[in-house]
Amino acid sequence: MNKKTKWLILPPHTFVDHINASKLFLYNTETSSNHLITDDETISLIIELQQSYNLGSKIYSEEGSCNVYLKELISRDLLQLVEAKEKPIVFLPILNLQRDLEKGELSYRLSIMGSKTKFISGLFLYIDKPFVPDLANINNIRINAIRQSLLYGLTDDCELIMGIEKVKMIFKSLAITSISIVDIISSISILTDANLSQLVRLASNYGYKIRIHTFIDNNNTDRVLKIMAQHKSIELSLYFDRYSEFDYQQFSSKSSKITTQASLIKYVYSALDFVDSDNIDMLPVYRADEVQMFRDNVFLTKQDILSNCTSMKEIMRNQKLNATCFGILDILSNGNVYPHGGRVPVSNISNKNYLLESVTSELVNNQSWRVTRDKNNCSNCQYRFICPPVSLLELQIEDIKACIL
């Protein structure tokens, strides 16, 4: 009878990140257990386990039992010991993208991608300022809030209003994309009943849903309620802040009689702006004079990062794509097109092939779609691929460190 052999294996649920030559990070995608390795001998062993000729397993030697680092990895289920008569074969997850733009000649990689417009999966369409203009400082504060949460490319002087005919043209052009929902940013006042009916009809023809982002106050509450009652296929995201004269209780009472529900979001500029309500989403806005508020309520801690298991699929994605932005385009009222989170226009809707131009430009120049944490100030952090993707705020304020580690 063949005697069983003790094998050391690298299990398929363990993600291995080679941060640099002297730093290697292991993460268990099932339990969030993790360990940073700086011991050269242990790093060499992990690298050896990953080699194709070892197939994720090696005979466990007596010398290995003396390695305290190895014992720690086994206790955390980052490595495993098994007994078997024959060598175990471990199917290790490998990121192997044939169309990876970072491998080989760029123009060739682009040429084999097929229909590039199919990458477009979302659109933020800015028709008009979503709030009634007020004092200059209030307008600027709100524009800054919109940049951080919705539309990074928005400029202070974007005064043009996009006409319904241009909106129709854009909707028609989107037929060659993978878009299912169009996010429209606009004031309620210019969206007449006729315009809304046209938008709903047009969206229905192409199989899109519409979500409108706008500010709400006591002056337009009745208009919002009417839209909720008459256009049930339209989703509404309603924003307000400390400068809004908005009676939430009155709105809630009236809207409760309508089957269509809307999302209520309050922009939070300081800790004083928070309200205790399960029906209102708090959306903090970064301000240099309110950093502590952000540290207390937004910045991630180690506990936040490890509280939920990040799947192997998500980790693989985080190495190549920014899921916050990838596939999304922003179109301003002047017709300029931006990659979501980008600061430089990539085309204009007046160009016949503006969608193809936009995708190709972004894939080449990478303003936001492929900005991952190994390309910003998190590049040497062990949690770089475990963390959420780079946010609009981090793209806007490049030197910000959105965690407390």
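**Notebook: nonpolar cores and a surface patch**

I looked first for the largest nonpolar core, which has 52 residues, with Leu125 and Phe171 making the most contacts inside it. I noted that such a core is a set of buried Ala, Val, Leu, Ile, Met, Phe, Trp, Tyr and Cys residues joined through side-chain atoms within 4.5 Å, where buried means under 20% relative accessible area, exposed over 50% and partly exposed in between (1.4 Å probe, protein chains only).

The model is predicted, so I kept in mind that local features need pLDDT of at least 70 and side-chain atom pairs count only at pLDDT 80 or more, while totals for chains, interfaces and linings use all residues. Residues are numbered from 1 along each chain as its sequence is written, and side-chain values use heavy atoms, without hydrogens and water.

I then listed what Leu125 touches (heavy atoms within 4.5 Å): leaving out residues up to four places away in sequence, the contacts are Met162, Val167, Ile170, Phe171, Asp183, Ile184, Ile185 and Ile331. I also found a second, separate core of 21 residues, with Phe131, Leu150, Ile185 and Phe215 among them.

Next I turned to the loop between strand S6 (80–84) and helix H3 (106–111), where I found Phe91. I recorded Phe91 as exposed, at a relative accessible area of 71%.

In the loop between S6 and H3 I also located Pro93, which is partly exposed at 33% relative accessible area. Its contacts, not counting residues up to four places away in sequence, are Pro12, Met312 and Met316. I noted, too, that the C-alpha atoms of Pro93 and Thr14 are separated by 9.0 Å, although these residues are 79 residues apart along the chain.

Terms used. Helices (H or I, at least four residues) and strands (E, at least two) are DSSP runs, numbered from the N terminus.
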